[in-house]
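Could you walk me through this protein, one stop at a time? I'd like to know what sits where and what touches what.

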Amino acid sequence: MQTLPYGSWLSPIDAELAAEHDGSPDYVGFVGDEAWWTEPRPTEGGRRTLVRRRADGTQESVLDAPWNVRSRVMEYGGQPWAGVMRDDGPLVVFVNFADQRLYCLKEGQEPRPLTPLSPVGGGLRWVEPQLRLGLGEVWCVLEEFTGDGPTDVRRVLAAVPLDGSAAQERAAVRELTDDRHRFVTGPRISPDGLRAAWLAWDHPRMPWDGTELVLAEVDADGTLSGARTVAGGPDESIAQVDWASDGALLYVSDRSGWWNLYRDDVPVCPRPEEFGGALWKVGQRWFAPLEGGLVAVVHGRGATSLGVLDPETGDVVDAAGPWTEFAATLAVHGERSEMGVPPAEGWGRVIAVGASPRSAYEVVELDTRTGRARVVGAAHHDPVDPVHYPEPQIRTFTGPEGRDIHAHIYPPHHPGYTAPDDELPPYVVWVHGGPTGRAPLVLDLEIAYFTSRGIGVAEVNYGGSTGYGREYRGRLREQWGVVDVEDCAAVALALAEEGTADGARLAVRGGSAGGWTAAASLTGTDVYACGTILYPILDLAGWGSGETHDFESQYLESLVGPLAEVPGRYLERSPAEHAADITAPFLLLQGLDDVICPPVQCDRFLARLAAEGRRVPHRYIAFEGEGHGFRRAETTVRVLEAELSLYAQAFGLTPPGIPTLELVK
């Protein structure tokens with residue numbers, strides 16, 4: 001064991017390695033007996049491909065570059081594909097990111113477009129496709145721009161002909177609903193094929209504030225009639241809806257204060273834990289009904305497990321295995337066909353995406369009849385000896401007014417190095433995005449990149465985070481820029497006070513809404529010696545009055561307060577208005593194609609900093625071809641090395657082999 005100062009440890013986890021392993025599989029599904037899912041390709045321009053696992057266990061990517069299976073509906077996207085197995089092989093429909101058209105893919109053929117391009121605004125976009133072979137259609141959510149502005153948009157349920165007749169003709173797309181609701185999810189069809197259920201909500205609500213469960217009849221000609229709201233409302237968030245095999249309506253609602261599962265309006269497993277989550281992407285699934293009445297569920301409190309719920313008893317049996325976190329994607333083999341015919345066998349297979357502090361996300365299959373779970377895709381392989389991985393701690397801290405603050409602490413860790421006894425480690429507070437989100441406790445090589453060099457990381461699930469009930473989420477209501485900043489600072493200061501961290505060497509880092517909190521922390525506190533701000537919100541008034549996309553365009557009405565009523569609050573809390581107060585060095589990183597937090601936010605912040613005559617060491621790096629959240633491997637490499645160089649200069653560290661980032665004043 002060699003003794004060297006923190007931050008100078010030589011690590012086998014370099015930026016290239018972390019970048020190659022960025023991202024996770026998602027959007028699992030069955031095509032016949034085969035499991036399919038999407039996977040990231042960070043070294044191929046950040047695209048996502050569609051992966052097929054054949055019955056013999058072999059796997060293949062079914063789409064080569066430049067195909068990119070990803071929807072842009074509501075900008076965050078959602079379920080981008082669906083498929084069925086026919087006598088002549090799989091029939092799959094998918095959304096291609098570059099043009100947002102819906103394509104049909106048959107084995108041995110090139111994809112052919114099913115939907116047209118649009119000359120208006122952001123065009124036509126599609127998400128959560130569902131094949132309706134009896135009608136010769138694909139049912140999905142259509143997002144259609146009506147002008148050039150980000151909020152000039154309408155959303156409806158629509159039916160796209162499978163014969164390709166709509167590829168050049170918008171009029172051939174059959175609209176199933178009107179656009180009375182601003183936002184909708186895809187319809188779920190009852191086992192008898194006679195009813196459809198979906199979720200809807202309207203501005204200024206976000207889906208975790210309040211949604212409506214809409215029910216309609218499916219007529220013989222494939223039209224929907226009699227649509228009416230049967231559950232939910234402004235103060236009740238229903239996160240998912242589906243049907244049990246006997247025709248009962250299943251949905252997840254937080255009317256009790258927790259997202260719990262209901263069957264025909266009756267709670268089946270009332271617990272103070274979550275069986276749902278924040279609906280950031282259309283088509284997220286926290287439960288999937290099995291034939292026979294059981295329900296596969298992703299559930300937990302502060303973490304998530306994969307289990308099988310018996311609605312009759314309320315009992316949940318969790319899958320055995322090393323996974324401690326499951327994503328909001330589930331599929332069940334033998335889910336009802338469009339005619340409601342149950343499969344002859346195989347109903348007990350569930351696929352999900354799970355991870356742990358020692359493994360990245362991988363595709364997991366659970367056999368509910370045996371209780372056995374195994375990895376079937378995107379299997380985690382240790383790129384380095386796992387002794388170099390961090391050893392996280394689950395902690396609860398006490399914040400202002402005695403409130404609990406949940407966090408994951410990753411101390412510096414390396415099997416070959418220790419620091420001098422009289423030295424305390426530097427720490428970086430990582431702030432998750434959302435802000436209605438959560439930092440899961442899973443292996444992240446970007447975190448390991450720092451901890452294996454002697455820099456600790458503290459992920460803070462501040463008040464407003466999901467996973468701890470509606471009351472915990474509600475702490476951020478009209479308090480964004482206050483509670484999140486206070487909670488992060490409280491964790492950082494507590495680590496310093498207890499002797500875990502060096503109070504003079506604390507940093508803050510976050511992206512998107514986390515970038516907002518990082519910037520607000522630097523302008524509003526003196527806790528941190530430096531900070532990294534990624535694709536942030538910096539000017540509330542600008543962001544809340546036309547600079548962002550439609551989905552979040554009125555998010556600030558609940559996070560900050562109604563702009564028309566409290567305009568001063570928007571100015572008071574915006575880092576762009578307080579650029580003169582920043583004294584700590586910072587790194588500002590931005591994608592030039594970002595339409596959620598556009599580059600103008602950074603431009604305005606830097607202009608204000610210059611106008612105030614502040615000469616704070618900083619660096620602004622903008623990336624062409626990157627949007628909201630970086631996806632390309634080369635971008636991740638640049639970001640990690642720049643970030644480490646910032647900490648080295650602010651903390652007095654000497655990381656070997658890292659190029660020095662020139663900071664400007």
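Helices and strands here are runs assigned by DSSP, at least four residues for a helix and at least two for a strand, numbered from the N terminus. With that in hand, keep in mind that this is a predicted model.

Let's start with glycine 464, which sits in the loop between β35 and α3. Is it buried or exposed? Its relative accessibility is 2%, so glycine 464 counts as buried. Leaving out residues up to four places away in sequence, glycine 464 touches Pro435, Thr436, Tyr472, Arg473, Arg475 and Leu476. Glycine 434 is 30 residues from glycine 464 in sequence, and their C-alpha atoms are 9.2 Å apart.

Glycine 434 is worth a stop too. Its peptide bond to proline 435 is cis, with omega near 5°. Proline 435 belongs to the loop between β34 and α2 (445-451). There is another cis bond to look at, between histidine 203 and proline 204, with omega of about 5°. You'll find proline 204 in the loop between β16 (195-201) and β17 (212-218). Why point these out? Most peptide bonds are trans, and most residues other than glycine have a negative phi.

That second habit of backbones brings us to a couple of residues with positive phi. Tyrosine 27 isn't a glycine, yet its phi is near 50°. Tyrosine 27 lies in strand β2 (residues 26-31), and its relative accessible area of 9% makes it buried. Glutamate 478 also has a positive phi, near 60°. Glutamate 478 is in the loop between α3 (470-474) and α4, and at 30% relative accessible area it is partly exposed.

Follow the chain on from there into helix α4, residues 483-497. How far apart are its end C-alpha atoms? They are 20 Å apart, which agrees with the 21 Å that 15 residues should span at 1.5 Å a residue. The buried residues of α4 include Val483, Val485, Cys488, Ala489, Val491 and Leu495, and two aspartates, Asp484 and Asp487, are on the list as well. And what covers those buried residues? Strands β31 (393-398), β32 (404-410), β34 (427-431), β35 (456-461) and β36 (506-511) are included, along with helix α5 (513-524). Just after α4 comes glycine 499, with a positive phi of about 85°.

Helix α5 deserves its own look. Its 12 residues reach 16 Å from the first C-alpha to the last, close to the 16 Å expected at 1.5 Å a residue. How many of those residues are buried? The count is 11 of 12, so to speak a mostly covered helix by the definition of buried as under 20% relative accessible area. Among the buried residues of α5 are Ala513, Trp516, Ala518, Ala519, Ala520 and Leu522, together with Thr517, Ser521 and Thr523.

Ala513 turns up again when we look for holes. Rolling a probe the size of a water molecule over the atoms shows where empty space is left. Searching the whole structure gives 2 cavities of 30 Å³ or more. The largest cavity holds about 50 Å³ of space. Its lining is made of 14 residues, and Gly434, Ala513, Ile537, Trp543 and Glu552 are the ones nearest its centre. Sorted by class, that lining has 11 nonpolar, 2 polar and 1 charged residues.

Now for the cysteines. How many disulfides are there? The count is 0. Cysteine 140 shows why: its sulfur is 13 Å from the closest cysteine sulfur, in cysteine 104, and that is too far for a bond. Cysteine 140 is buried, at 1% relative accessible area. Cysteine 530 tells a similar story, because the closest cysteine sulfur, in cysteine 488, is 15 Å from its own, too far for a bond. Cysteine 530 counts as buried too, with 0% relative accessibility.

One last stop is alanine 159, in strand β12 (residues 153-161). Alanine 159 counts as buried at 1% relative accessibility. Valine 138 is 21 residues from alanine 159 in sequence, but 5.4 Å away in space, C-alpha to C-alpha. Setting aside neighbours within four places in sequence, alanine 159 is in contact with Glu137, Val138, Trp139, Ala172, Val173, Arg174 and Leu176.

Terms used. Residues are numbered from 1 along each chain as its sequence is written. This is a predicted model: local features need pLDDT of at least 70, side-chain atom pairs count only at pLDDT 80 or more; totals for chains, interfaces and linings use all residues. Side-chain values use heavy atoms; hydrogens and water are left out. The expected span of a helix is 1.5 Å times one less than its number of residues. Buried means under 20% relative accessible area, exposed over 50%, partly exposed in between (1.4 Å probe, protein chains only). Contact means heavy atoms within 4.5 Å. On a 1 Å grid over the protein atoms alone, a cavity is a set of points where a 1.4 Å probe fits but cannot get out, and a pocket is an open set with protein on both sides within 12 Å along at least five of seven lines; lining residues have an atom within 4 Å of a point. Grid points are joined across faces, edges and corners, and a volume is the space filled by probe spheres set on the points. Ala, Val, Leu, Ile, Met, Phe, Trp, Tyr, Cys and Pro count as nonpolar, Asp, Glu, Lys and Arg as charged, and the others, Gly among them, as polar. A disulfide is a pair of cysteine sulfur atoms within 2.5 Å.
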